[in-house]
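Hello,

Here is the structure I promised to pass on to you. Please open it beside this message and follow along as you read.

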Amino acid sequence: MGNTKGNAYPLWIINNEGMVQSVDSQQKLTNQSKSDFAIDIGISEDGTVWVLSNEADPDGGGARVYWSNGDSTWNEIATKDPGGIMICGYTGSSCLILTDSGSLLNIQTDGSSALIYAEGSNYMAEFAYGGDKIWAMMNTKEGDIPSLHYANLGDFTTWHSVGDEVYYLNSLSVGQTGRCFGIEDDLPVYYDTDGSTGSAGSMGSHFAINISVKNGNFVLSADGNPNGNLVYEWTSYNEGSYSAMNIRAFKICATYYS
């Protein structure tokens with residue numbers, strides 16, 4: 001995939017002022033948007049950066065969608081598709097958005113789109129993509145509590161349950177191998193397709209509220225102040241634990257940087 005576009009940086013964030021910023025390997029921040037611009041962020045495999053803005057989409061469904069090549073220039077998807085309430089990067093330069101009706105749309109930078117999943121009688125609460133898999137907290141029977149499922153790329157009509165007891169996983173993220181990560185009981189964990197699970201690293205006495213995994217692994221902690229929440233980075237040399245960065249954020253987005 002190469003370190004091009006947004007993949008030139010290991011991490012992107014939205015700060016507490018709604019500004020998109022890139023973070024280089026020395027933890028230097030570069031402003032990539034104005035303040036009060038973004039509420040959610042994702043990155044495609046080729047490094048295209050996608051955001052949901054803080055502006056309502058005039059066609060309904062949530063917020064306006066923008067994309068960038070990682071150069072602080074933002075292009076709006078000004079089609080008649082509804083906006084999103086959640087966004088993540090997808091294959092190539094495209095993204096996935098979840099609308100407020102529960103539909104999952106694949107959107108290209110030229111504005112073309114395709115319906116990936118329609119809610120119907122089911123409900124998708126959260127989703128993430130990586131390693132040719134979409135993972136979601138969803139139900140497949142009306143009235144059930146959403147639990148962890150995955151679908152393979154190219155077969156989004158078949159959703160596989162990863163144990164009906166996985167109800168309380170949130171902040172889903174998927175690494176390059178297709179392993180699902182999330183926050184459970186305030187701690188980072190992983191799930192594999194066979195239902196096996198385990199710790200995704202120690203934060204000592206600190207709690208986590210958000211995790212983002214691609215080539216790198218970053219966690220947003222519960223340590224907050226008016227400037228945002230403290231970001232932690234996975235440091236494998238330190239017995240599989242996280243180390244605090246000198247960065248605070250509202251949202252975090254790991255990239256395919258290598």
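**The pockets**

The largest pocket holds about 470 Å³ of space. Please keep in mind that this is a predicted model.

Which residues should you click on to find the centre of the largest pocket? Asp40, Ile41, Ile87, Leu172 and Asn210 lie nearest to it, out of 29 residues that make up the lining. Six strands each give two or more residues to that lining: β4 (38–43), β8 (86–89), β12 (123–130), β16 (170–174), β20 (208–213) and β24 (251–254). Of these, β20 gives the most, with five residues. If you colour the lining of the largest pocket by residue type, you will find 19 nonpolar, six polar and four charged residues.

The second largest pocket has a volume of about 310 Å³. Its lining has 20 residues, and those nearest the centre are Asn215, Gly216, Asn217, Glu233 and Trp234. Two strands, β21 (217–225) and β22 (228–235), each supply at least two lining residues here. By type, the lining of the second largest pocket splits into ten nonpolar, seven polar and three charged residues.

**A look at Phe218**

Next, please find Phe218, which sits in strand β21. Is Phe218 buried or exposed? Phe218 is buried, because its relative accessibility is 2%, and buried means under 20%. Leaving aside residues up to four places away in sequence, Phe218 touches a good list of partners, including Pro10, Leu11, Asn210, Ile211, Tyr232, Glu233 and Ile252. You have met two of those names already: Asn210 is among the residues nearest the centre of the largest pocket, and Glu233 is among those nearest the centre of the second largest pocket. You can also try the distance tool on Phe218 and Thr235: they are 17 residues apart in sequence, and their C-alpha atoms are 9.7 Å apart in space.

**The cysteines**

How many disulfides does the structure hold? There are zero. Take Cys95, which is in no disulfide: the nearest cysteine sulfur belongs to Cys88 and is 7.7 Å away. Cys95 is also buried, with a relative accessible area of 0%.

Why does Cys253 not bond to Cys88? Their sulfurs are 9.3 Å apart, and Cys88 has the closest cysteine sulfur to Cys253, so the gap is too far for a bond; a disulfide needs the two sulfur atoms within 2.5 Å. Like the other residues you checked for burial, Cys253 counts as buried, at 6% relative accessibility.

Enjoy exploring!

Terms used: Residues are numbered from 1 along each chain as its sequence is written. This is a predicted model: local features need pLDDT of at least 70, side-chain atom pairs count only at pLDDT 80 or more; totals for chains, interfaces and linings use all residues. Side-chain values use heavy atoms; hydrogens and water are left out. On a 1 Å grid over the protein atoms alone, a cavity is a set of points where a 1.4 Å probe fits but cannot get out, and a pocket is an open set with protein on both sides within 12 Å along at least five of seven lines; lining residues have an atom within 4 Å of a point. Grid points are joined across faces, edges and corners, and a volume is the space filled by probe spheres set on the points. Helices (H or I, at least four residues) and strands (E, at least two) are DSSP runs, numbered from the N terminus. Ala, Val, Leu, Ile, Met, Phe, Trp, Tyr, Cys and Pro count as nonpolar, Asp, Glu, Lys and Arg as charged, and the others, Gly among them, as polar. Buried means under 20% relative accessible area, exposed over 50%, partly exposed in between (1.4 Å probe, protein chains only). Contact means heavy atoms within 4.5 Å.
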